[in-house]
Amino acid sequence: MQSLMLIISFLVLISALMVILSEDMVHSALFLIFSFGGVGALFLSVGAQFLGAIQILIYTGAVGVMMLLMIYFTSKEGKSIKREGKYSGIVLVGLLGFLILYPSISITREVGGTKGLTQNIGRLLFSDLLIPFEVISIVLLSAIIGATYIIRREDH
Amino acid sequence: MGWITLISSWLPPLLFGVAGAAICIILMMPGKFIRPNNPNPNKNIPYECASKPTMEAVGQRSVKYFRYAILFVVFDVEVIFLYAWALIAEEIGLIGFIELSFFILVLLLGLAFAWKKRALEWG
Amino acid sequence: MNLVELFNYIRSDPLLWGIIAATVFLVYVFSIGGLSIWIERKWAGLLQSRLGPTRVGPFGILQFVADLIKLVSKEDFVPPDGDKKVFKLAPIVLVSTLIAAGSIIPFSPSLIGSNVNVGILFLIAMFSISPIAVFMAGWGSNNKFSLLGALRNIGQMLSFEIPLSLSIVAVVVMVGSLRIKEIVQAQDQIWFFALQPLGFVVFLLAIHAEAGRTPFDMQESEQELMGGWNVEYSGMRFGLTMVGEYIHLILGSMLVVLLYFGGWKSFGFLPPVIWFIIKTNIALVILMWSRWAIPRFRIDQIIDIGWKYLLPLSILNLLITGALVSMGWFSWI
């Protein structure tokens, strides 16, 4: 099990590194999407199944597509980009690697349990976290309003 | 639920995905030996209605699609919370439903706003 | 060792079970895909007063074998100006994520790749990756028509995924479980299309649009885009993009049956798995039927259907269902 987690972690890290190193913007975005998916798999492998599924659904499915569209709409004919701050990026990936690899090596306790089940997250949302839950709707509302105004400005 | 159960429930989906990738490669293989390969500079021009392409493909864009992408992300996040509610709807009863209706109502306000500001219009 | 013992032995080992189930699923999907291409062409011929395929095999039933040989023997063209790696990877991403989504489809109570905890949420997550594959195909081709087709496909999938998810949530509310197996088992007394008529209509339209079939096939309208996002693909690579599309359609018809028509629930005298296959294929033919019956919508009409009609309708459906469930009206399910 630990070996599976290690393999996934390495895949996530390598693709995170490739995000920084690849010259092509679309390649970077695709590697980023792949590492999002890998993080989802990491969640699944420690038993946070709901979190893993929504990581794949939201980050690879929605945010990833939005990112690709963003690149498409802003790119000119030349597709390659000149990298600046590559080295600080590599340092950041190293730190991320520590954050991801350290727990997957040092974990000794049996993971899983029922905490990550969708029902329990739902119960938590509707009891202790009710106020934050309602606030999320306001945040999403402001996102819609912001998006509407951005879109309108682009139209005219 | 320990690691064994986790593995046994997530290994088949993983294997299905690997099998899907494998079948693509297997289907590509036999053609390697029989298909022709006649490269030709005219063949390499991007396919267009019999005329030579005049511009790069990537330069042209219609930004309309992007607005739907933003709205999609917002509503996708909303749906996720609905899944969490759906599993315990019967358990938390009417109070929970009223709390959820408030959540949906705020988002419906957002939808109505976007609609009013013509963000959902195509043209 | 008799058959039941052998089955139980295979079932107990996830690795062995995964490999065998994946193989069986692939064989099933490819044979149904090939058969449904023949059915579609015959059916189209019937509706348009012509014969359809007649030459290869009896009634042209081996037409897909001829198609396969043609696809394999065609030259493999990769656009030199495009992004070759992305171009080659796109069909593989498309097919493998869709096959992975198939792993949670229950053919019968015991014939299921894996009864994962998050069930249908995983399936939706896998569906949501296919716009990325389509974008990769369009981008890698370096062709205006491909990119335009890919954009249209993405816009369309994004518009219909929310109504699709919302109508699924309405079913999940009634059952109280994300596992598809339990959703089917909850339909013991009554199939859900009777309890969820509005949700069923929304779901049917949304899955139809997601699969990109004809009233909604703006992304590949032959008359203006000459095939859409896969126009630069040739030979077997083109075949793989079509395979992806057919798997999408087959999974869609399976979902229709599982969520609204009782899955493997039967009227007796045949094993459950046969019933499931019969029902899915009826749903498949009905989904394909509309291709020859309804003209294509314009892209703005399609997006309007998604955001202005199906989204409010699906929210309304969910609110009604949620209210009834919260008041305990569906506790008998």
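**View 1. Chain A and its contacts between distant positions.** In chain A of this predicted model, residues 24 or more positions apart make up 68% of the contacts that have a separation of 6 or more. Chain A is built with six helices and zero strands, and from the N terminus on its elements read α-α-α-α-α-α. Of its 156 residues, 40% count as buried.

**View 2. Where chain C meets chain A.** Here you can look for 17 residues of chain C in contact with 15 residues of chain A. On the chain C side, the elements that give two or more residues are helix H5 (120-127), helix H6 (130-141) and helix H7 (144-175). What kinds of residues does the side of chain C that touches chain A hold? They divide into 14 nonpolar, two polar and one charged.

**View 3. Where chain C meets chain B.** This contact takes 73 residues from chain C and 54 residues from chain B. On chain C, at least two residues each come from helix H2 (14-47), helix H3 (63-73), helix H4 (84-102), H7, helix H12 (235-260) and helix H14 (299-326). Which of the elements gives the most to this side of chain C? Try H7(C), which gives 13 residues. Sorted by class, the side of chain C that touches chain B has 41 nonpolar, 23 polar and nine charged residues.

**View 4. Helix H3 of chain B, from end to end.** Helix H3 of chain B covers residues 64-86, which makes 23 residues. At 1.5 Å a residue, H3(B) should span 33 Å, and its end C-alpha atoms are indeed 33 Å apart, so the two values agree. Is H3(B) largely enclosed or largely open? Because 20 of its 23 residues are buried, H3(B) is largely enclosed by the rest of the structure.

**View 5. Helix H2 of chain C and its buried residues.** With 34 residues at 1.5 Å each, H2(C) should span 50 Å; its end C-alpha atoms are 46 Å apart, which agrees. As you follow H2(C), look for its buried residues, among them C:Pro14, C:Trp17, C:Gly18, C:Ala21 and C:Ala22. The buried residues of H2(C) also include C:Phe25, C:Leu26, C:Val29, C:Ser36 and C:Trp38. A handy rule for reading such a list is that an α-helix has 3.6 residues a turn, so residues three or four places apart point the same way. After H2(C) comes C:Ser49, with a positive phi near 55°.

Notes:
Residues are numbered from 1 along each chain as its sequence is written. Chains are lettered from A and ligands numbered from 1 in the order in which they are written. This is a predicted model: local features need pLDDT of at least 70, side-chain atom pairs count only at pLDDT 80 or more; totals for chains, interfaces and linings use all residues. Two residues are in contact if their C-beta atoms, placed from the backbone, lie within 7 Å. Helices (H or I, at least four residues) and strands (E, at least two) are DSSP runs, numbered from the N terminus. Ala, Val, Leu, Ile, Met, Phe, Trp, Tyr, Cys and Pro count as nonpolar, Asp, Glu, Lys and Arg as charged, and the others, Gly among them, as polar. A residue is buried if 20 or more other C-beta atoms lie within 10 Å of its own, exposed if 12 or fewer, and partly exposed in between; C-beta atoms are placed from the backbone. The expected span of a helix is 1.5 Å times one less than its number of residues.
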